[in-house]
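Open the model in a viewer with the cartoon display on, and keep the sequence panel visible. The stops below go from one selection to the next.

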Amino acid sequence: MLRSLVGSEMCIRDSSGRMPGTPTSSVPNAVYVNGLDNKTSEGDLREVFEQCGEIKLVNARHIPSGGFAFIFFRDEMGAQRALDNPRTEIKGKVCNVLAKKQVMS
């Protein structure tokens, strides 16, 4: 780890010069899914996306206008397989699957 002073704050970087947690490639290991029915459970999401790869975590939220979720895979291949089908049917409703990086930037 490298430490450097930026302005008045100390920044810690790894040996490649990136800050810890900075993505290392264009495909993250997570996807963002929106347009979910409010009754969609984390189990429903696992059932649909486990065919793409091993899931580490499902973080689903429901709001009055619908639901959304972040699906975290063990590796980037799982996320890539999920992104190969950007319009996925879940509980009878067609939902959008986006790269988490697209949403966060």
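Start with the sheet. In this predicted model, five strands make up an open sheet, and their order across it is β4-β5-β3-β7-β6, with antiparallel pairing. Select 55–63 for β4 and 87–90 for β6: these are the edge strands, and each has a single partner strand, so one side of each lacks a neighbour in the sheet. Turn the view to look along the sheet; on average, neighbouring strands are turned by 25° against each other, direction ignored.

Next, add helix α1 by selecting residues 42–49. Which strands does helix α1 touch as it packs on the sheet? The helix touches β3, β4, β5, β6 and β7. Its direction makes about 130° with that of β4.

Now select residues 30–36, which are strand β3. Is β3 mostly covered or mostly open? Five of its seven residues are buried, so by the cut-off used here each of those five has under 20% relative accessible area.

Stay on β3 and look to the side where β7 lies. Strand β7 covers residues 93–99, and four bridges join β3 to β7, with the two strands running antiparallel. Three residues of β3 can be picked out with their partners in β7:

- V31 has A99 as its bridge partner.
- Y32 has L98 as its bridge partner.
- V33 has V97 as its bridge partner.

While these side chains are displayed, a general point helps: in a regular strand, side chains alternate between the two faces of the sheet.

Then move to the β5 side of β3. Select 66–73 to show β5. How many bridges pair β3 with β5? There are six, again in the antiparallel sense. To see one residue pair here, select N34 of β3 and F68 of β5, which stand opposite each other.

Finish at the edge formed by β6. This strand pairs with β7 in the antiparallel sense over four bridges, and E89 stands opposite V94 in β7. Follow the chain from β6 into β7: the hairpin has two residues between the strands. Select K91 in this hairpin and check its backbone, where phi is positive, near 55°.

Definitions and conventions. Residues are numbered from 1 along each chain as its sequence is written. This is a predicted model: local features need pLDDT of at least 70, side-chain atom pairs count only at pLDDT 80 or more; totals for chains, interfaces and linings use all residues. Side-chain values use heavy atoms; hydrogens and water are left out. Two strands pair if DSSP finds at least two bridges between them. Axes are lines fitted to C-alpha atoms, for helices over the stretch in contact, and angles run from 0 to 180 degrees between N-to-C directions. Contact means heavy atoms within 4.5 Å. Buried means under 20% relative accessible area, exposed over 50%, partly exposed in between (1.4 Å probe, protein chains only).
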